[in-house]
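This report describes a single protein chain through its helices, its overall dimensions and its principal pocket. The sequence and coordinates are shown first, and the description follows.

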Amino acid sequence: MKKLFLLIFMVIPAVMNVNVALAENNLAEKKVVVISGISQAKADAAGYTEAYEGINKGFKSIGITPHYEWAELTPDNDKNNHTIGDEMVTRVKAMKPDLVIALSDDCLHYVGLKFKEIPVVFAYVFGDPTKIPGLPQKNITGVVRRSYAGDIFALANKLLGVKTVALIGKYSEAMAGVKGYMAAGADKLEAATGVRYLDMYLVNTFEEWTNAVKTTPAELLYLTDTSRLIKGDRELTRTETTSWTVENAKVPVIAAIEGDVEAGALFAILTSVTVNGEMAAELAVKILSGTAPSDIPYSPSTKGRLVFNATTAKKLNVNIPYEILSTAEKIYE
């Protein structure tokens with residue numbers, strides 16, 4: 001009898017390990033398609049590759065290698081975007097994926113929502129997904145960004161003594177949503193941080209950008225999206241736009257992404273895009289393992305990263321206390 005019990009106790013863990021291995025092998029056979037709301041050529045400059053790193057990392061342990069697709073959506077062209085979205089949906093459905101990951105607000109709106117039977121996980125979304133017409137949808141869940149506006153304004157007030165701020169960025173549907181959010185919460189933000197939100201300039205051309213930078217009455221400029229600005233017959237890089245702004249603005253400049261801090265903005269507190277992508281992969285694994293998307297609430301990406309530009313701080317004669325500087329994940333010299 002003792003030998004029988006011993007044999008049973010030895011067999012059970014072995015069976016469990018086999019079942020786990022079989023489950024992981026089954027997951028490895030699943031097909032995941034990642035769709036970005038931008039062209040492949042522009043993805044790196046817009047920060048998408050950081051999300052890809054997180055997605056790949058999240059799937060690596062179970063052996064899934066995602067397939068990537070790019071839909072070049074234009075923020076101000078609704079009809080064209082719907083056409084591109086329809087074409088992408090047709091193309092992806094032909095691949096017979098088990099799950100789709102949609103990256104960006106526009107990709108969720110024009111592509112992700114068109115999948116009705118295939119599970120969809122969204123990520124790299126800046127606005128409030130609950131405000132997108134068509135959501136909630138039973139086959140869709142995803143990762144939402146936490147706003148660090150309060151932390152950003154409070155730090156700017158402490159370091160610079162500013163009392164007013166204006167945001168500026170390339171126009172998009174997502175940024176228009178952010179503008180509405182900021183206006184609605186201006187009183188609460190001021191009470192909590194001592195900084196008053198004045199306006200958010202949403203532009204398409206470099207001429208419009210320069211006019212906003214030179215005429216704003218705010219004591220601080222906050223860069224939200226420095227990509228895809230048109231100057232003459234070409235599109236400026238983020239670095240070109242940010243560098244010009246830092247050099248020509250009459251007030252300090254802070255930013256929403258790390259690349260803009262590297263290009264000269266004083267600091268940023270931001271969600272790790274890599275973590276955002278990794279969380280999307282984790283949600284996808286839950287769904288592929290049998291959990292219904294409707295049973296997974298939208299997951300807030302809460303990890304914030306503080307990055308500084310020490311050269312800009314020196315030019316502005318800003319003394320950054322050690323207790324703040326020591327918490328920065330990156331300092332650009």
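In this predicted model, helix H12 has 16 residues and reaches 23 Å from its first C-alpha to its last, close to the 22 Å expected at 1.5 Å a residue. Its buried residues are Val273, Asn276, Gly277, Met279, Ala280, Ala281, Leu283, Ala284, Val285, Ile287 and Leu288. After H12 comes Gly290, which has a positive phi near 125°.

Helix H3 (residues 48-60) can be examined in the same manner. For its 13 residues, a rise of 1.5 Å a residue predicts a span of 18 Å, and the end C-alpha atoms are indeed 18 Å apart. The two helices are set out below.

| Helix | Residues in helix | End-to-end C-alpha distance | Expected span |
|---|---|---|---|
| H3 | 13 residues | 18 Å | 18 Å |
| H12 | 16 residues | 23 Å | 22 Å |

Which residues of H3 are buried? They are Tyr48, Ala51, Tyr52, Gly54, Ile55, Gly58 and Phe59. Because these residues cover an arc of only 165° around the axis, they lie on the same side of H3. An α-helix has 3.6 residues a turn, so residues three or four places apart point the same way. On the other side of H3, Lys57 and Lys60 are exposed. The cover over the buried residues of H3 includes strand S1 (32-36), helix H2 (40-43), strand S2 (67-70), strand S3 (99-103) and helix H12 (273-288). H12 is thus described here both by its own buried residues and as part of the cover of H3.

At the level of the whole chain, there are 14 helices and 15 strands. The C-alpha atoms fill a box of roughly 85 × 50 × 35 Å along the principal axes. Of the 333 residues, 50% count as buried. Among contacts between residues at least 6 apart in sequence, 67% join residues at least 24 apart.

Glu207 belongs to helix H9 (residues 206-215). With a relative accessibility of 65%, Glu207 counts as exposed, because the cut-off is over 50%. Its C-alpha atom is separated by 49 Å from that of Ile62, and the two residues are 145 residues apart along the chain.

The largest pocket has a volume of about 1100 Å³. Its lining comprises 50 residues, of which Phe126, Arg145, Met175, Val178 and Ala256 lie nearest the centre. Helix H7 (residues 173-184) supplies the largest share of this lining, 8 residues. By class, the lining has 24 nonpolar, 12 polar and 14 charged residues.

Note on methods: Residues numbered from 1 in each chain as written. Predicted model: local features only at pLDDT ≥ 70, side-chain atom pairs only at ≥ 80, totals over all residues. Heavy atoms only, no water. 1 Å grid on protein atoms, 1.4 Å probe; cavity = no way out; pocket = protein on both sides within 12 Å on 5 of 7 lines; lining within 4 Å. Points joined across faces, edges and corners; volume = space filled by probe spheres on them. Helix = DSSP H or I, 4+ residues; strand = E, 2+ residues; numbered from the N terminus. Nonpolar A, V, L, I, M, F, W, Y, C, P; charged D, E, K, R; others polar. Expected span 1.5 Å × (residues − 1). Buried < 20%, exposed > 50% of the residue type's maximum accessible area, 1.4 Å probe, protein only. Arc of directions from axis to C-beta. Contact = heavy atoms within 4.5 Å.
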